[in-house]
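Trainee: Could we go through this model together? I would like to see how each label is earned.
Mentor: Happy to.

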Amino acid sequence: MGRVGNERESEENKWQKSCFEVLGLCCASEVALIEKILRPMEGVKDISVIVPSKTVIVVHDNLVISQAEIVKALNQARLEASVKLKGQSNVGKKWPSPYVIACGSLLLLSFIKYAYKPFQWLAVAAVAVGIYPVLLKGIASIRNFTLDVNILVLIAGFVRKTRHWGIGKKLKS
């Protein structure tokens, strides 16, 4: 009986519960991407994703896969993951991405177009600056065979541009 109890104890000690802060987790559509990345990894037993707090909880065998390997896999998909220490959060301490700051600044400046017309082109520059991170996350989603909001934004932008340039009208007739 003592031996069975020891085996059960070692089985329970085998699994470690790790929390990760995933700052690139913006909506529920990226949950599937996270699961597609982590489920096939050897040593991962269970995954929980909490979107509002941008937290991913993984139950894993620490001898087979480390926290660093899980963070690396999530960061390859441009999800900005880090190990979350118990009771601490880095969400309030981190500045937005430079792309977000530049995009927002250019967009705000583009509203001066009502006083000076050439400033309207700053809105186009804002899109050019802001599309880069969306494009990178979209590529990561395609690599993992996941349809998420980043892919949909890229498709919508492409469709909008083809109609604007008249390509959609030519293809229709």
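**Labels and their reasons**

Mentor: Let's start with a pair of helices: the crossing of helix 4 and helix 5 is left-handed. Keep in mind that this is a predicted model.

Trainee: Why is helix 4 called roughly antiparallel to helix 5?

Mentor: The axes of helix 4 (residues 98–110) and helix 5 (residues 121–143) cross at roughly 165 degrees, coming within 8 Å. Angles over 145 degrees count as roughly antiparallel, so helix 4 earns that description relative to helix 5.

Trainee: What makes up the contact of helix 4 with helix 5, by class?

Mentor: It has 13 nonpolar residues, two polar ones and no charged ones. Among those meeting are Y99, L106 and S110 in helix 4, and L122, V129 and G130 in helix 5.

Trainee: How do you know whether D61 is buried or exposed?

Mentor: Its relative accessible area is 5%. Buried means under 20%, so D61 is buried. D61 lies in strand 3 (residues 55–61), and its side chain reaches the backbone nitrogen of L63 at 3.0 Å. D61 also touches K14, W15 and G43, leaving aside residues up to four places away in sequence.

Trainee: Why does K54 count as partly exposed?

Mentor: K54 has 25% relative accessibility. Partly exposed runs between the 20% and 50% cut-offs, so K54 fits that class. K54 is found in the loop between strand 2 and strand 3.

Trainee: What is notable about the phi of K54?

Mentor: K54 is not a glycine, yet its phi is positive, about 55 degrees. Most residues other than glycine have a negative phi.

Note on methods: Residues are numbered from 1 along each chain as its sequence is written. This is a predicted model: local features need pLDDT of at least 70, side-chain atom pairs count only at pLDDT 80 or more; totals for chains, interfaces and linings use all residues. Side-chain values use heavy atoms; hydrogens and water are left out. Helices (H or I, at least four residues) and strands (E, at least two) are DSSP runs, numbered from the N terminus. Buried means under 20% relative accessible area, exposed over 50%, partly exposed in between (1.4 Å probe, protein chains only). A polar contact is a pair of N or O atoms within 3.5 Å; within protein, one must be able to donate a hydrogen and the other to accept it, and residues adjacent in sequence count only if both atoms are side-chain atoms. Contact means heavy atoms within 4.5 Å. Axes are lines fitted to C-alpha atoms, for helices over the stretch in contact, and angles run from 0 to 180 degrees between N-to-C directions. Angles under 35 degrees count as roughly parallel, over 145 as roughly antiparallel, 65 to 115 as roughly perpendicular and the rest as oblique. A crossing is left-handed if the near helix is turned anticlockwise from the far one by less than a right angle, and right-handed if clockwise. Ala, Val, Leu, Ile, Met, Phe, Trp, Tyr, Cys and Pro count as nonpolar, Asp, Glu, Lys and Arg as charged, and the others, Gly among them, as polar.
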